[in-house]
Structure formats: C-alpha cells, structure tokens
Amino acid sequence: MKTLNIFTNQIDSLPGGKADFLLAASVTRTCEIDGITQAGIPGKIPLTPTLDAEFITNEKVFSMPELAETPKGVPTPALITRAAHNVTPYSNIEVLNLGLDAIPQHTPLQSFMIEPSGSVATGANIDARAVFEKGMIAGKSYELKGNYLILAESTPGGTTTATTTALALGYDCRNDFSSSFLNSPDSIKEKTINEALSLLDEDMTNFEKLSLVSDNMLIFCAGFLLEASRRFHVVLAGGTQMAACLLVADKLKEDVLMRIKNDNITLATTSWVANDNNSDLKHILSLLSYTPHAVHTSFSFAEAEIPVLKLYDEGEAKEGVGAGAALAYANTNGATNKELLDAIELLIYNM
C-alpha cells in the first residue's frame, strides 16, 4: 500500500479570495432504517437537509420549529457553516435539490427533477447515468461568482450509502467510513450493506450498480466535479462521504472518457473526521489513481461555554453541511478559531 502524506494544515491550503458555497441536499430512504443515523430529529430524519439548507441561507429554519440535532442535543454542523459565513462571508450560497422530501423555504434553490432515492437495502431505484449527466451539465454551466467553489452535502444516512457505493465499484474500504454516532451502529450498517450488495451482479455496468446501491448526492456531485474542476478550483466539503464522491468520479471517468483535473480539487474536512479512530479517511483517499490534496482544520470546542458543543470533540456528529471546509475557508481568510467559536455560540444564544 502506498503511504501518503495527504493532510496539510488549513492555513493557506485553500485558494485565496471569496468562495461560492453550494449545498447538495438529498434524501436517501436508507436514513429511515431504524438506528442507522442520528443526523437529525428522530422520526423526521428526511427533513434534515431541508432544515440545513434553510439555516445556512437564512440563519433560521421555517419547515420545523427547531434546527436539527442529535438525540443527545448536538446541533447540526450547519451552525458551524453559517457562523463561518457570518465571520468571513461566502460570495454566494445556493442549494442543489437532489431529491428532497420538503422544499426549503426562502432558500436560493437549483432543482434538477430528481426524486429521493430508495433504501440501498432494497434497491435505491436511481437512474444513475441520468443523474450523473445532470451533474456534468450543471458543473459545465455553473457560473462562478467568487474565486472558487465549495461543494458541500447534507445527506443523512450517507456514510452507509457511501460504503455500499465504494464496495460496489470494487474499492477495498469496507470499514473506513465514519458515522454521525460516537459508537457507530455497526450491526445495523453491516446488515444494510450486505443486503445492498446482494442485489448486485458482477456483469452489471458501473452505472447499473450505482442505480441500486448509491445515492443521488454522490452520483450528481461526481459528475459535477468532473466538469466544474476543468474551469475552476472545487473544494469538496466533507469527510468520508465526499471521499467516496472522489472514488465515484475516478471510476466513472473511464465510462465517459474524461480526465480528472485533480490539481483543481481539494478535499477539506474537520479534525474530528481526520482523527477518528473508527474510520480511515486517509485509506479511502489512497485508493484514488492520484494523490489528492486534502486538508483538515484544527478547530475544537474545548473552550466552548455551551457544554453540548464539547460532544463534537468526543466524536459525536463530526462533519456535514460543509463544516470542515467552512472553518478552513474562514481561517484562510484570517479568522481565528476563537472568533469562530464565539460566532457559533452567538448563533445558539440567539435561537
């Protein structure tokens, strides 16, 4: 196995100047499997991406009385992403509707006629080639407002679908994916993954496999990335899910006869993912056909006055809604971690 020095410090690791922020918001019915994720309000997990979209654009939610949080009260990483915007504003914020149960209110939205995907345990029922091509078209036509693009995601249950996606495409990384839980529900995930993989036939094409065991966000963003990175720098904002997006793009480039302009791509995540003992982001990235540029932040809630935030440092939540890239963006533009912590806690006090 090749040894990679993948991660660098966050300062000056992202491009200079302003960044557009795009949130790929999507629902996979995988998130409704009991106990598989805690990324949101119990019983209303599919609303999480809608609430995240509303909050990062409006600093409040409309589709529910309250922001999504875990059963232990850990608030969504959307708080971190919005706080970073308040300290060092993005040039633009928009949301990509890649299959939502509820349309975000008062939110700049691009829609692509994509429905929520099914549970991978019974077949995701995606037209993967169509979704991928929609991503390519969107990446080719996107009009950049700032200097580069941050592409984030909100897809509850997405680490499970990322696992099935990577395994279906032949990557050896079964135990490398993170979880919103401190202690991942491995037996539930394992059962779901095995059920998903049992649907596959070795004679299937890559697109046929993805249609059964992936999610819209991964497929669309892989297509978007291939085209957009030919024109400007793209920061994939996330941990193991966005690493899986890179795996998908790397594999499908052969199907569409394209090259990846990898010098125009950075993956940015939190230290909570990078240092997670229960996942292995570095190993996932080592499976790519190139050595990727990847950064993680040093941000911590050790000095937080609101106790529940300290659970992030203990391994709850970890990443999502572009939190790691948002922190790195703010740092690169001169914000200190103390300023970011104050901005996050101010948002909570004002809710």
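Is Asn125 buried or exposed? Asn125 is exposed, with a relative accessible area of 73%. The model described here is predicted.

## Two loop residues with positive phi

Asn125 sits in the loop between strand 4 (109-111) and helix 3 (128-141). Its phi is positive, about 55 degrees, although Asn125 is not a glycine. Most residues other than glycine have a negative phi.

Glu59 also has a positive phi, near 65 degrees, and is likewise a residue other than glycine. Glu59 belongs to the loop between helix 1 and helix 2. Its relative accessibility is 32%, so Glu59 counts as partly exposed.

## Helix 1 and helix 2

Helix 1 contains Thr50. Thr50 counts as buried because its relative accessibility is 0%. Beyond its neighbours within four places in sequence, Thr50 touches Ser63, Leu100, Ala102, Ile103 and Pro104.

Why is helix 2 (residues 78-87) largely enclosed by the rest of the structure? The reason is that 8 of its 10 residues are buried. The buried residues of helix 2 are Ala78, Leu79, Ile80, Thr81, Arg82, Ala83, Ala84 and His85. Arg82 and His85 are thus listed beside residues such as Leu79 and Ile80.

## Nonpolar cores

The largest nonpolar core has 61 residues. Leu151, Phe220, Phe224 and Leu246 have the most contacts inside it. Helix 7 (residues 216-228) gives this core its largest share, 10 residues. Another core lies apart from it, with 56 residues. Among them are Leu14, Ala68, Trp272 and Val321.

What does Phe220 contact, leaving aside its neighbours within four places in sequence? The partners are Leu96, Leu98, Phe112, Ile114, Val131, Lys134, Gly135 and Ala138. Lys134 and Gly135 are included in that set.

## Ile193 in helix 5

Ile193 lies in helix 5 (residues 186-197). With a relative accessible area of 4%, Ile193 is buried. Ile193 and Thr164 are 29 residues apart in sequence, yet their C-alpha atoms are 5.8 Å apart in space.

Thr164 is also one of the contacts of Ile193. The others, again leaving aside neighbours within four places in sequence, are Thr160, Thr163, Leu167 and Arg174.

## Cavities

How many cavities of 30 Å³ or more are there? The count comes to 3. The largest cavity holds about 440 Å³ of space. It is lined by 35 residues. Ala39, Ser180, Ala317, Glu319 and Gly320 are the closest to its centre.

Several elements build the lining of the largest cavity. Helix 1 (48-58), strand 5 (148-154), helix 4 (158-168) and helix 8 (240-252) each supply at least two residues. By class, the lining has 18 polar, 11 nonpolar and 6 charged residues.

## The largest pocket

The largest pocket holds about 260 Å³ of space. Its lining has 18 residues. Phe55, Glu66, Leu67, Ile348 and Met351 are the closest to the centre of the pocket.

Which classes make up the lining of the largest pocket? The residues divide into 12 nonpolar, 4 charged and 2 polar.

## Cysteines

The structure holds 0 disulfides. A disulfide is a covalent bond between the sulfur atoms of two cysteines. Why is Cys31 not bonded to Cys221? The sulfur of Cys221 is the closest cysteine sulfur to that of Cys31, but the two are 17 Å apart, too far for a bond. Cys31 is buried, with a relative accessible area of 4%.

Cys173 is in no disulfide either. Its nearest cysteine sulfur belongs to Cys245, 14 Å away. The pairing cut-off is 2.5 Å between sulfur atoms. Cys173 is buried too, at a relative accessible area of 1%.

Notes: Residues are numbered from 1 along each chain as its sequence is written. This is a predicted model: local features need pLDDT of at least 70, side-chain atom pairs count only at pLDDT 80 or more; totals for chains, interfaces and linings use all residues. Side-chain values use heavy atoms; hydrogens and water are left out. On a 1 Å grid over the protein atoms alone, a cavity is a set of points where a 1.4 Å probe fits but cannot get out, and a pocket is an open set with protein on both sides within 12 Å along at least five of seven lines; lining residues have an atom within 4 Å of a point. Grid points are joined across faces, edges and corners, and a volume is the space filled by probe spheres set on the points. Helices (H or I, at least four residues) and strands (E, at least two) are DSSP runs, numbered from the N terminus. Ala, Val, Leu, Ile, Met, Phe, Trp, Tyr, Cys and Pro count as nonpolar, Asp, Glu, Lys and Arg as charged, and the others, Gly among them, as polar. Buried means under 20% relative accessible area, exposed over 50%, partly exposed in between (1.4 Å probe, protein chains only). A nonpolar core is a set of buried Ala, Val, Leu, Ile, Met, Phe, Trp, Tyr and Cys residues joined through side-chain atoms within 4.5 Å. Contact means heavy atoms within 4.5 Å.
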